[in-house]
Amino acid sequence: MKGQTRPLRWLPGLNIFRRYEASWLRHDLSAGLVLASMLVPVGIAYAVASGVPGINGLYATIIALLVYALFGPSRILVLGPDSSLAPIILGVVLPLSGGDPQRAVALAAMMAVVSGAVCIVAGIARLGFVTELLSKPIRYGYMNGIAVTVLVSQLPKLFGLSIESNGLLRDLRAIAEALLAGKANWITFMIGAGTLALIMLLRASKRVPGILIAVVAATVVVASLDLASRFDVDVLGPLPQGLPGFAIPWITTADIVPVLIGGFAVALVSFADTSVFSRAYSARSGAPVDPNQEMVGLGAANLAAGFFQGFPVSSSSSRTPVAEAAGARTQLTGITGALAVALLLLLAPSLLRDLPTTALAAVVIAAAIGLIEVTDLKRIYRMQQWEFWLSIVCSVGVAVLGAIPGIGLAVVFAIIEFLWDGWRPHFAILGRADGVEGYHDITRYPDARRISGLVLFRWDAPLFFANAEFFKQSVLDAVAESPTPVRWFVVAAEPVTSVDVTAADELAELDDKLRAMGIELCFAELKDPVKDKLKRFGLFARFGDQGFFATVEEAVSRYLHAHNVDCVDHEEPR
């Protein structure tokens, strides 16, 4: 029995289908057909925004949905091309492809292979927690920067312009110069702006396929009025007939480094998005989701897309709610949508030949607008301004430097943010306050009484290389500022969760200095795992058993008896 179920652990989709209920079928099939109405225009739009032909967006959509249905743990999560990945893919594809669509496809596909391999290895190694290292303000900052980048990249298509992309600021300048020079195609703009307005108008309703309605309307207008030939409105043209075949994406040795960097960046962003969405939908359904299996499912979908003429995929914040609102029960919804797209390519590939590219730009712009977070950033500004400004700096960094350097910047900020709290943590001198049990921060309780010759010092962080020197100096400052000559210095160490080698060496130096001053260094409430580390570092023997106390009250009691000090409001530990 175990031999049969263990392999299925990596194929949660099969487990779902083994327990499939007949009552789910009509819901999944109808939701799949509704979903398919969005998959085609969105897949094509994000492919064009990523610098590859539109057909490859449909290939990536089909393969990702089919593979994730087997390997993905979330029942209704929809995978496919996504706006948040477009600038990352474009940042690698555009400078390396030289305008060759086949090279662009190979580069993008290899990025998907790299991303897929990274996600699978990380999932098997149970590294699904890594995306939790990015704080909410940093995630908002990154996504807002991506949204601005995506939006600006689509403005030339919206206005019917042709510019060479050189970065956000230069692109904005080039667009402005082209508009002032009268190079815009205003017929193209009216179609794109109308499409965008209709999408935004219908966005409020999850049951109404606003993107499909807007794109179909734009296509009908262009085809019926022959705007492509009369006013030079750029259209998609006929799609190749047939399904994607297996193909190894060959790249040159000069492409390896940028493709690897881009693939790692895609893996980080796509899993961050996917983990957020999967947790959100699992919370609604009450079904737990394994983040490591989520990473494996995402990796398998990307790996397969890369070998079947696709490009990197992620979860979709626009298509998943559509599937949910349409009544999806399982991943059969995604399979149905994928098969519907496949039938379109087999039976009616010319159906979208009059689809205007400005309408595709409108689809991507609408998605970019949906990525922008403002409301929660206002809340963060009210709560903690420095985190708000951290988010803004991250947004500007992504928008100005580009998506891939922006990811690096976001990770650096995350590390700095983590180290900052531990680098200069809060500490307190403790005293006895009226009406409150125990010993408390004298800055919070100015009337708190201190015990003559004793300093109670609470350190609110782990002790490690970044704050070890600050800890030592803070202790020495506390000794110097004591109102009475110090005999004992007790560290209330309950918040100390770890000690590293650097901090241990600083502790030894501090102990030597305090001993030279006639002061005994002790610890109270130190956790056993931290004690174990001190034993390995040779410090436990230095302080001895008498240097460690179970509670602060015990330490105070021992000090009072050792030095015959009277303290009227001290309570003996029970």
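Two residues are in contact when they have heavy atoms within 4.5 Å of each other. Keep that in mind for the views below, which all come from a predicted model.

**Figure 1. The whole protein, with its 24 helices and eight strands.** Start with the big picture. The C-alpha trace spans about 100 × 70 × 50 Å along its principal axes. There are 574 residues in the protein, and buried ones make up 52% of them. Now for the contacts: take those between residues at least 6 apart in sequence, and 80% of them join residues at least 24 apart.

**Figure 2. Helix α7 alongside helix α8.** Two packed helices are described by the angle between their axes and the distance between the axes. Here, α7 (residues 136-159) and α8 (residues 168-180) have axes that come within 10 Å and cross at roughly 25°. Angles under 35 degrees count as roughly parallel, so that is what we call α7 and α8. The crossing of α7 past α8 is left-handed. Look for Val148, Thr149, Val152, Leu155, Pro156 and Phe159 on the α7 side, meeting Leu168, Asp171, Leu172, Ile175 and Leu179 on the α8 side. Sorted by class, this contact of α7 with α8 has nine nonpolar residues, one polar and one charged.

**Figure 3. Helix α4 packed against helix α15.** This time the angle is about 150°, and the axes of α4 (residues 54-71) and α15 (residues 332-347) lie 8 Å apart. α4 passes α15 in a left-handed crossing. From α4 come Ile55, Leu58, Tyr59, Ile62, Leu65, Leu66 and Ala69; they meet Gly334, Ile335, Ala338, Val341, Ala342 and Leu345 of α15. Split the residues of the contact of α4 with α15 by class and you get 12 nonpolar, one polar and no charged.

**Figure 4. Strands β6 and β7, paired in the parallel sense.** Five bridges link β6 (residues 488-492) with β7. To find your way around the pair, spot Val490, which stands opposite Cys522 in β7. Is strand β7 largely enclosed or left open? Four of the five residues of β7 (residues 520-524) are buried, so the rest of the structure largely encloses this strand.

**Figure 5. A close look at Glu506 in helix α21.** The helix that holds Glu506 covers residues 501-516. Is Glu506 buried or exposed? Buried means under 20% relative accessible area, and Glu506 comes in at 15%, so it counts as buried. Which residues does Glu506 touch, leaving aside those up to four places away in sequence? Glu506 touches Ala468, Glu469 and Lys472.

Note on methods. Residues numbered from 1 in each chain as written. Predicted model: local features only at pLDDT ≥ 70, side-chain atom pairs only at ≥ 80, totals over all residues. Heavy atoms only, no water. Helix = DSSP H or I, 4+ residues; strand = E, 2+ residues; numbered from the N terminus. Buried < 20%, exposed > 50% of the residue type's maximum accessible area, 1.4 Å probe, protein only. Axes fitted to C-alpha atoms, helices over the stretch in contact; angles between N-to-C directions. Parallel < 35°, antiparallel > 145°, perpendicular 65-115°, else oblique. Left-handed = near helix turned anticlockwise from the far one by under 90°. Nonpolar A, V, L, I, M, F, W, Y, C, P; charged D, E, K, R; others polar. Pairing = 2+ DSSP bridges.
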